[in-house]
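Hi,

Here is the structure I said I would pass on. Have a look at it first, and my notes on what turned up follow underneath.

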Amino acid sequence: MNRTFSILAAMVISTIATAQVSSPKMKVEFVTPKIVRVQWSADGVLPGNNTGVCIYEKQQVKSGEIMVKTEDGCISFIDRKTGKPLLKDIAREAEPVVQERIVYDDATARMEETANGKVTVKDIVRRDTIGLSTRYISHFSCPDTKALYGLGAHMEDYMNLVGKTMWLTQHNLKVTVPFLISPQGYGLLFDAGCAMKYSSDSKGFTMQMEAAKQIDYYFIKGDRMEDIVEGYRYLTGKVQLLPLYAFGYIQSKERYVSSDDLITTLREYRRRHVPIDMIVQDWNYWPEGWGYMKMNRKYYPDPKALADSIHAMNAKLMVSIWPNPQYCPEERDFRKRGFMLEHSVYDVFNADARRHYWKYANDEFFSNGFDAWWCDSSEPLDGDWNKIPESIGEKPYGWDDHERRWHLNKDVLSDALGAERSSLYSLYHSCGLYENQRLTSSDKRVLNLTRSSYAGQQRYATVVWNGDTHASWESYRQQIPAGLNYMSTGNPYWTVDVGSFFVKNDGRRWFYTGEFQNGVNDEAYREYYTRMFQWATFLPMLRSHGSDTPREIWRFGETGTPYYDAILKMINLRYSLLPYIYSMAAAQYFSGYTMARQLAFDYPDDDVVYDLKDEYLFGNILVCPVTRPMSEATSRKVYLPQGNRWYDYWTNESYDGGQWIEVPVSIDRMPLYVKAGSIILTSDVVEYSAAQSDKPITVNVYPGADTTFSLYQDSGDGYAFEQGDYSLSLLTWDDSKRKLKQKTVKKSRKYNREIKVNVVKYIPAKP
């Protein structure tokens, strides 16, 4: 059987328990039959790193699928079924690190404008030594490992991380998640909250944790990468099911300047009958200071009336909120209560501060009907996002200064948050919004678009985007493996600013280096935007956003012109696929599924795919983004993974796997292929997602192998599904009998759409 996901598989819960091997400095214990926890410290004391990442309940294990051997201080993880060594922990080190606290002169406090918003700046009085922390280093041997993925979303243009070095901290263009996953049958989660450094060669890798109380990691075995992800989510929490509208089209830009601006823009989408589900209000809506969760009544006279107007047009409203209120009543209130940290960010590690932050968000937005959050700047600080740091020698500071950027950003985060928790801000910030909204109402699902992330954040209904990128074809190509590595960490919701954030080059800052000075008036940018839009159609969230130039569809032409029509074609395709996308989202909630994933998830034995950066699977659709302008190439090479046949999505022509083909790329077409033995759900194109609730669903079967798929239906919003208010049907295709069976697993009369079946006709590819 060519296996696709089935939600049914996720409903089996295994019995779990604990066995352990201990030494004065090391503790090794089973968490489940497939998960082993290892702890070690220099002095033998194991207080834990207290990150809040892991939330599992410890149970009993009688026998595991892993053999763990400890000898001469080494720990070997061996597949019990095959006797194959998977990974060996060969050494651990600890070394003291002096921690300093910077003392600032409050009398010199002033606000400076940066590309990342306004920040409070103070002169430094002195640096005080406040004590020692410990740098821990773990060394691993894995000579049979051909590929490693994960660690978050990064700028280094890497897919396969074997042989690479990664500088792991949080900043505007970097999202760190300390989880590695290999198609060779294992994953590793490092439970520490500090900056880290990963380095690798052909024989193994090292993980250096800059400030921790101990080494604490989890080894997760899995026959497939999906199994490993499921183990990770067992440890850190399940993925939340986002509202249906989150999978429609989202219109944003920097920025809409009034209620009228938002309403007029949405009204134009409705006039044109272009599908859209949400519009977004970006920053600078406040009346004073910076980051104040209060709308300027001059431009936004009635927030409730604004939300009501948006809802009347069957759309949702997202608003940008910030963790750093400055020079405004909100900041003064937080400071009076002791809820502010250095650098003017609120103290997310304090539950009372998180509740008070929610009070502001609720009073101004949620209670007035606003639907979703955009938690910008959730790193929450950047050490190099304004003035260009001084050059070293003749080399100017630039995109490839990853080590220097690591030092600058980990230092400012450590100064504000503490070195041992410098990477944890977004996790706790997301926690505060999620938990407090859930306590306030169950009618709306939490949706939080945010710029930073960490292990476990998937349990707080977050979608992460990759920061303020610049518009260039090189940057676009780099973003594809960045996103795939992030989504392989068990955090499946990731997106981008379609068209990139910085379109122009301001000539001053290393990050503000877009290549299209005339924005939408430049046909080259229209092509660039269209190609990014095609790619983002097959990401978990489809969202246009950025600075310097407008982003609405009519800015790129009119009906009958190439770019307008190409963009509309992809929006319509996205809406036709909503039943498929939403069912995949449910599979992520119920199991270890990942809707957008690198090819190694499905083809772990095909060496060609290990470092293939510009192809991936969205469900069972092979997505091949066009990442070069047509002035350079009017076709692109596509690799069809071995092991099955592939259908051209546009023509239904069928190709054998295990080969490269050359594919023409007109402006309205991105190469898409469907795996033989697939079920793809579609429905009518509608102007907003909820309008599809009574439309028939077409089950498109691509024959060539047996397959299954779980069709999920619910109300699309609210949390009634957690109490069983949903329908679930298992669709099974028997390829030899050419017959589709539908089995009702969970029935609800409210969610019982008409089902049509379309067996795609096999068309041999032309030689």
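Strands β35 (residues 707-713) and β36 pair in the antiparallel sense, with seven bridges between them. One of those pairings puts Thr 707 opposite Trp 733 in β36. Keep in mind throughout that this is a predicted model.

β36 (residues 727-734) also has a partner in β37 (residues 739-746): seven bridges join the two, and they run antiparallel. Asp 734 has Lys 739 of β37 as its bridge partner. The connection between β36 and β37 is a hairpin with four residues in between, and Arg 738 in that turn has a positive phi of about 50°. As for how covered β36 is, six of its eight residues are buried.

Next, the open sheet. It has eight strands with parallel pairing, in the order β23-β22-β21-β20-β17-β16-β15-β24. The edges are β23 (494-495) and β24 (542-544); each has a single partner strand, so one side of each is left without a neighbour in the sheet. For β24 that partner is β15 (residues 249-251), and the two pair in the parallel sense over three bridges. Within that pairing, Gln 251 is bridged to Ser 544 of β24.

Then there is helix α4 (residues 329-336). Which of its residues are buried? They are Glu 330, Glu 331, Asp 333 and Phe 334. Looking down the axis of α4, these buried residues fall within an arc of 160°, so they line one face of the helix. Their cover includes β18 (340-341), β19 (345-346) and α5 (351-364). Just after α4 comes Gly 338, with a positive phi of about 75°.

Last, a helix pair. α10 (residues 562-576) and α11 (residues 578-590) pack with their axes 5 Å apart, at an angle of about 55°. That angle makes α10 oblique to α11, because it falls outside the ranges counted as roughly parallel (under 35 degrees) and roughly perpendicular (65 to 115). On the α10 side the contact involves Arg 574, Tyr 575 and Ser 576, which meet Leu 578, Pro 579 and Ile 581 in α11. By type, the residues of this contact divide into four nonpolar, one polar and one charged.

If you open just a few places, I would start with the turn at Arg 738 between β36 and β37, then go to the buried face of α4.

Cheers

Key. Residues numbered from 1 in each chain as written. Predicted model: local features only at pLDDT ≥ 70, side-chain atom pairs only at ≥ 80, totals over all residues. Heavy atoms only, no water. Axes fitted to C-alpha atoms, helices over the stretch in contact; angles between N-to-C directions. Parallel < 35°, antiparallel > 145°, perpendicular 65-115°, else oblique. Contact = heavy atoms within 4.5 Å. Nonpolar A, V, L, I, M, F, W, Y, C, P; charged D, E, K, R; others polar. Pairing = 2+ DSSP bridges. Buried < 20%, exposed > 50% of the residue type's maximum accessible area, 1.4 Å probe, protein only. Arc of directions from axis to C-beta.
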